[in-house]
Every structure is written in C-alpha cells, then in structure tokens.
Amino acid sequence: MTTDHSLQAENLTLGYKERVVINDLDLAFPPARITAIVGANACGKSTLLRSMSRLLAPRTGHVLLDGREVHRMPAKELARTLGLLPQSPIAPEGITVADLVGRGRHPHQRMLSRWSAADDVAVAAALDATHTAELADRAVDELSGGQRQRVWIAMALAQQTDVLLLDEPTTFLDVSHQVEVLDLLTDLNRSRGTTIVMVLHDLNLAARYADHLIALADGTVHAAGDPADVLTEDCVRAVFGLDSRVIPDPTSGKPLMLPLGRHHVMPE
Ligand SMILES: Nc1ncnc2c1ncn2[C@@H]1O[C@H](COP(=O)(O)OP(=O)(O)OP(=O)(O)O)[C@@H](O)[C@H]1O
Ligand SMILES: [Mg+2]
C-alpha cells in the first residue's frame with residue numbers, strides 16, 4: 001500500500017448562498033510533503049479545507065483524491081485515508097479525553113467487530129505523542145484551551161490517516177507547544193510519509209516547517225512554491241496589506257518576516 005496519495009482541486013469554486021469565497025481554484029498538495037496555507041482572515045482557508053475533506057460540496061469543479069472525487073466517496077472510506085482537524089471543533093458535552101481520542105478510531109471499526117487491541121495501541125500512541133496521557137480521564141470541556149487543542153490533535157493522530165489536514169493546529173498553544181506540535185507533524189511526515197496540509201497564521205513557522213507554501217488571497221492562489229520564493233515582502237504586502245522586512249532566519253536560512261507598523265518602522 002502506498003502512502004503517496006495525490007490530493008488536488010480542479011476549477012474549484014466554493015461559497016455560501018450568494019457569496020463566492022473560492023473562485024475557479026486549481027491546486028495540488030504535493031504527496032508525502034508538508035504544505036502550509038497562509039492568508040488573511042476570511043480569505044477562505046477553512047472553506048477550502050472543509051471542501052477538500054468532503055464537508056462542503058463544490059459549486060463547480062472537483063476535489064480529487066488519487067483521481068477519485070471525494071464528494072462521491074463514502075465518508076468512512078475517505079476517513080481511513082484523509083483526516084481533518086477543523087478550526088473550531090466541538091466536543092460532545094461531558095466526553096472524556098480518552099473517549100474523544102477513541103472516536104478517531106471510528107473509521108477503522110467494522111459494523112460488528114468493535115474495539116480492538118490495535119485501537120488501544122493507536123489511542124495510547126496518540127495520547128503519548130501529544131503529552132495528553134495524564135488528561136485521559138478528564139472531561140474535555142474542563143481543559144484549558146491549549147490542553148484541549150492537543151487533545152484534538154491526538155484524536156486526529158489516532159485516526160492514522162495517510163493525509164492529514166489541520167486548520168490552525170497551533171492556535172491556543174504556547175510557543176513551546178507550537179514548536180512541539182510542528183515537530184511532531186514533521187516526524188509523522190518523515191517516518192510514515194504522511195501528507196500534511198495545515199493552515200497557519202504564523203508566517204515564520206509556516207516558512208520553517210513547510211516544504212510547500214501556498215498564499216491565498218481574493219479567493220485564489222496568490223503564490224505557491226518553495227517558502228523562500230513565496231514569503232517575500234511583496235507577497236506580505238499583497239496578501240496582508242502589511243509592510244514588512246523579510247530576512248534570512250539565522251538558524252535555517254528560511255525567510256523570517258518582521259512586521260512593520262505605524263509605530264515600528266524602518267529608520268529614515
Ligand atoms: N457557514 C458559513 N456560512 C456563510 N458564510 C460563511 C460560512 N463559513 C464561512 N463563511 C464566510 O466565508 C468567508 C471565508 O471564511 P473562512 O472561514 O473560510 O475564512 P478563513 O480564511 O478560514 O479565515 P480565518 O483566518 O479567520 O479562520 C468569510 O467571509 C466567512 O464569513
Ligand atoms: Mg479559518
């Protein structure tokens with residue numbers, strides 16, 4: 001079985017009622033690589049991810065996983081290959097951490113054969129990787145924002161899919177947990193060839209961790225490619241309307257963006 005799944009959008013138009021959010025978009029996520037999507041608030045990043053994972057039907061065009069239209073695939077079959085961590089997931093009231101992470105195993109369970117030893121192993125590994133094992137018996141709605149976010153990541157990991165879409169996986173996390181989650185996703189990519197696609201607001205972490213960077217603006221791709229080619233001062237101005245300096249990161253050489261503002265400007 002290959003882990004190299006192709007995931008692409010063709011002529012994809014998405015929207016809600018009369019509002020068009022994504023317009024005639026063509027893009028491909030490189031298999032077995034890490035892709036980061038960046039763009040201004042409300043530009044359509046979550047809308048795109050929801051459609052790539054079959055939750056929002058296209059107005060026109062297609063989302064193709066290994067050449068098959070995802071909107072025609074049974075949900076459970078798709079969920080064995082592709083997992084989505086949404087931006088604001090909602091946990092059932094009162095559910096414990098262990099039970100929530102266990103729900104990640106649902107796509108792997110057959111109608112009659114229930115919970116298996118493999119499910120136990122997957123849940124334990126996911127709790128371990130996200131340092132949430134000590135929270136296993138706690139109720140999810142009693143956790144801090146950062147703890148909860150790590151539990152949701154654990155649920156996505158427990159699903160053990162070859163393709164993982166994550167909508168702002170680092171929100172609510174302190175800086176060391178942000179780096180830890182991104183390191184963990186990198187480990188997953190390197191050890192299993194998992195295709196990772198994530199929306200990030202931190203452009204510097206996006207440039208550092210992604211093999212492929214996509215900047216979305218005005219319902220379409222403004223720039224895509226190697227982060228060094230995409231994250232430029234011109235791109236930041238065009239996509240975010242912000243003046244910035246982009247310098248090489250002293251450790252990795254990747255682009256490092258320093259935002260300017262009305263009170264933080266270049267000296268004359
Ligand atoms: N369920 C919905 N019904 C109607 N409009 C929606 C819905 N979800 C999103 N929108 C609108 O679609 C546009 C894109 O929203 P989306 O959530 O995709 O943005 P985003 O790029 O993920 O933004 P953010 O960075 O704030 O998460 C916005 O104008 C938003 O108001
Ligand atoms: Mg969003």
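Biologist: Let us begin with a strand pair. Which residue of β9 does Ala-36 stand opposite?

Modeller: Ala-36 stands opposite Leu-213 in β9. Keep in mind that this is a predicted model. The pair Ala-36 and Leu-213 gives one point of register, and the strands β3 and β9 run parallel over 5 bridges.

Biologist: Where do β3 and β9 sit in the order of their sheet?

Modeller: The order is β6-β7-β8-β3-β9-β10, an open sheet of 6 strands with mixed pairing. At the edges are β6 (82-85) and β10, each of which pairs on one side only. On average, neighbouring strands of this sheet are turned by 15 degrees against each other, with direction ignored.

Biologist: Which strands of this sheet does α5 touch?

Modeller: Helix α5 packs on the sheet and touches β6 and β7 (163-167). The direction of α5 makes about 175 degrees with that of β6.

Biologist: α5 also packs against another helix. How is such a pair described?

Modeller: Two numbers are used for packed helices: the angle between the axes and the distance between them. Here α4 (residues 117-129) and α5 (residues 145-158) pack at about 140 degrees, and their axes are 8 Å apart. The crossing of α4 past α5 is right-handed.

Biologist: Which residues of α4 and α5 make that contact?

Modeller: From α4 come Ala-122, Val-123, Ala-126, Leu-127 and Ala-129; from α5 come Ala-154, Leu-157 and Ala-158. By class, the contact of α4 with α5 has 8 nonpolar residues, no polar ones and no charged ones.

Biologist: On to the other sheet. What is the order of its 4 strands?

Modeller: This open sheet runs β2-β1-β4-β5, with antiparallel pairing. β2 (19-29) and β5 (68-69) are at the edges with a single partner strand each, so each has one side without a neighbour in the sheet. Between β1 (residues 7-16) and β2 there are 7 bridges in the antiparallel sense. As a point of register, Gln-8 stands opposite Ala-28 in β2. Helix α1 (residues 45-52) packs on this sheet, where it touches β1, β2 and β4 (60-65). The direction of α1 makes about 120 degrees with that of β1.

Biologist: How many residues of α1 are buried?

Modeller: A residue is called buried when 20 or more other C-beta atoms lie within 10 Å of its own. In α1 that holds for 6 of the 8 residues, so the helix is largely enclosed by the rest of the structure. They are Lys-45, Thr-47, Leu-48, Leu-49, Ser-51 and Met-52.

Biologist: Some helices have a buried face. How should one read that?

Modeller: An α-helix has 3.6 residues a turn, so residues three or four places apart point the same way. Take α9 (residues 233-240), whose buried residues are Cys-235, Val-236 and Val-239. Seen down the axis of α9, they fall within an arc of 100 degrees, so they line one face of the helix. The face turned away from the buried side of α9 carries the exposed residues Asp-234 and Arg-237.

Biologist: What covers the buried residues of α9?

Modeller: The cover includes the strands β3 (34-39), β9 (212-217), β10 (220-225), β11 (244-248) and β12 (255-259), together with α8 (227-230).

Biologist: The backbone angles remain. What sign of phi do most residues other than glycine have?

Modeller: Most of them have a negative phi. Lys-17 has a positive phi of about 45 degrees although it is not a glycine. Lys-17 lies in the loop between β1 and β2 and is exposed, with 5 other C-beta atoms within 10 Å. His-131 is not a glycine either, and its phi is positive at about 55 degrees. The loop between α4 and α5 holds His-131, which is partly exposed, with 14 other C-beta atoms within 10 Å.

Biologist: Which residues just after helices have a positive phi?

Modeller: Just after α1, Arg-54 has a positive phi of about 80 degrees. Gly-241, which follows α9, has a positive phi near 65 degrees.

Biologist: Last, which residues does Leu-205 touch, leaving out those up to four places away in sequence?

Modeller: Leu-205 touches Gln-178, Leu-182 and Leu-200. Leu-205 belongs to α7 (residues 203-209) and is partly exposed, with 19 other C-beta atoms within 10 Å. From Leu-205 to His-131 the separation is 74 residues in sequence and 21 Å in space, C-alpha to C-alpha.

Note on methods: Residues are numbered from 1 along each chain as its sequence is written. Chains are lettered from A and ligands numbered from 1 in the order in which they are written. This is a predicted model: local features need pLDDT of at least 70, side-chain atom pairs count only at pLDDT 80 or more; totals for chains, interfaces and linings use all residues. Axes are lines fitted to C-alpha atoms, for helices over the stretch in contact, and angles run from 0 to 180 degrees between N-to-C directions. Helices (H or I, at least four residues) and strands (E, at least two) are DSSP runs, numbered from the N terminus. A crossing is left-handed if the near helix is turned anticlockwise from the far one by less than a right angle, and right-handed if clockwise. Two residues are in contact if their C-beta atoms, placed from the backbone, lie within 7 Å. Ala, Val, Leu, Ile, Met, Phe, Trp, Tyr, Cys and Pro count as nonpolar, Asp, Glu, Lys and Arg as charged, and the others, Gly among them, as polar. Two strands pair if DSSP finds at least two bridges between them. A residue is buried if 20 or more other C-beta atoms lie within 10 Å of its own, exposed if 12 or fewer, and partly exposed in between; C-beta atoms are placed from the backbone. The arc is that of the directions from the helix axis to the C-beta atoms.
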